[in-house]
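Trainee: Could we go through this structure together? I would like to understand the reasoning behind the labels.
Mentor: Gladly; let us look at it first.

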Amino acid sequence: MKQDLYGKADKGTGLAVLTKFYLNTKQWQKAADAAKELMDLNKYKLFPEIENLFAVQNELNDEYIYVYPCLAQGPGNVYMPHAFPPNYPIQNNWINFGAQFRTYTSFYKTFDPADRRLKMIITEYTDTRGVKLKLLEDATGKPLDNARSFKYTPDPNAISQNNGNDIPVIRYADILLSRAEALNELQGPTQEAIALINQVRTRAGVKPLVLADFATKDALRTHLLKERGWEFFSEGKRREDMIRMGTFISNAKARGKNAQPFHVLYPLPQSEIEANPNLKQNEGY
């Protein structure tokens, strides 16, 4: 089935949603099968230039499977106004919010230096006063934790906070890495799983993995979480990935947060509980 309007669901969208549902509910065989069925449609492929994938002029591409369409006239993509650093030289009709979405220096430094995805993160800029400012680390090497993801390349036709960059809810790279993860959970490291990961790595310009480097299921799972971080930063997938792989709470505790096991769920809104007496608040709230 082919959708009759851009942004509406078709068979590929359904299979992509099923893949992610089965993955996050740890139904590994079903996740692997749904991903394979989607791949076998031969409809989707990786966009060659990852650093330009999210630009407005490239949004009608074969990597986007499930898309939230955005328009500069609204409803728009409002990511970039949150990411611009202070006094960044933006167009007169744009807007720069005070939210300041930042990227940890330690995360930036986990990338291979040759990784093309680094081109989507700015580490310094010249502000409107002509002052050159560093965002990654200061002159002594102290982390500034202030780099900015410009993954959604600013739309030249943006109006105020509204950019026209479509938001990919699920894209083909996610399907490749999802099948690799499901196969690893089923069988441990396999050449097929490594080959799937290497498709994403090769597109990013980094050297391929070798099966012999991963002796156990746990080792490849740990690495897959890194791969997903490098590929999907700024796309809102990290929380569900860490919950699925069992690192969400431990990672928060390592950062000094008072995280508890029940925090893998959000509280139910009080208004919903009052409207439906059969609802029971999630544990811990």
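Trainee: What span should the twelve residues of helix H2 have, and how does that compare with the distance between its end C-alpha atoms?
Mentor: Bear in mind that this is a predicted model. Helix H2 covers residues 28–39, and at 1.5 Å a residue its expected span is 16 Å. The end C-alpha atoms are 16 Å apart, so the two values agree.

Trainee: What makes the buried residues of H2 line one face of the helix?
Mentor: The buried residues are Trp28, Ala31, Ala32, Ala34, Ala35, Leu38 and Met39. Seen down the axis of H2, they fall within an arc of 165 degrees, so they line one face. Those residues pack against helices H1 (11–24), H5 (172–187), H6 (191–204) and H8 (238–244), as well as strand E1 (64–68).

Trainee: Why is lysine 36 called partly exposed?
Mentor: Partly exposed runs between the 20% and 50% cut-offs. Lysine 36 has 32% relative accessibility, so it counts as partly exposed. Aspartate 40, at 46%, therefore counts as partly exposed too.

Trainee: What makes lysine 36 and aspartate 40 a salt bridge?
Mentor: The closest N and O atoms of the pair are 2.9 Å apart, and the cut-off is 4 Å, so the pair qualifies as a salt bridge. By this rule the count comes to 27 salt bridges.

Trainee: Which side chain does lysine 151 meet in a salt bridge?
Mentor: Lysine 151 meets glutamate 235, at 2.7 Å from N to O. The pair links distant parts of the chain, 84 residues apart: lysine 151 is in the loop between E5 and E6, and glutamate 235 in the loop between helix H7 (217–232) and H8.

Trainee: Are lysine 151 and glutamate 235 buried or exposed?
Mentor: Buried means under 20% relative accessible area. Lysine 151 has 0%, so it is buried, and glutamate 235 has 12%, so it is buried as well.

Trainee: How do you know that arginine 244 and glutamate 181 link distant parts of the chain?
Mentor: Their side chains meet in a salt bridge at 2.6 Å, N to O. Arginine 244 is in helix H8 and glutamate 181 in helix H5, 63 residues apart. Arginine 244 has 4% relative accessibility, so it counts as buried; glutamate 181, with 2%, is therefore buried. Both belong to a network of salt bridges that also links Lys20, Asp174, Arg228, Lys237, Glu240 and Asp241.

Trainee: What is the situation of aspartate 166, which is buried yet has no salt bridge?
Mentor: The nearest side chain of opposite charge is arginine 171, 13 Å away, and a salt bridge needs a nitrogen within 4 Å of a carboxyl oxygen, so this pair does not qualify. Aspartate 166 lies in the loop between strands E5 (148–149) and E6 (167–171). Its side chain reaches the backbone nitrogen of cysteine 70 at 2.8 Å. Beyond its sequence neighbours within four places, the contacts of aspartate 166 include Tyr6, Glu59, Tyr64 and Tyr152.

Trainee: Why is alanine 83 called buried?
Mentor: Its relative accessible area is 0%, so alanine 83 is buried. This residue lies in helix H3 (residues 79–83). Alanine 83 and serine 149 are 66 residues apart in sequence, and their C-alpha atoms are 6.7 Å apart in space. Leaving aside neighbours within four places in sequence, alanine 83 is in contact with Phe101, Arg148, Ser149 and Phe150.

Notes: Residues numbered from 1 in each chain as written. Predicted model: local features only at pLDDT ≥ 70, side-chain atom pairs only at ≥ 80, totals over all residues. Heavy atoms only, no water. Helix = DSSP H or I, 4+ residues; strand = E, 2+ residues; numbered from the N terminus. Buried < 20%, exposed > 50% of the residue type's maximum accessible area, 1.4 Å probe, protein only. Lys, Arg positive; Asp, Glu negative; His and termini not counted. Polar contact = N/O pair within 3.5 Å; in protein donor to acceptor, adjacent residues only side chain to side chain. Contact = heavy atoms within 4.5 Å. Expected span 1.5 Å × (residues − 1). Arc of directions from axis to C-beta.
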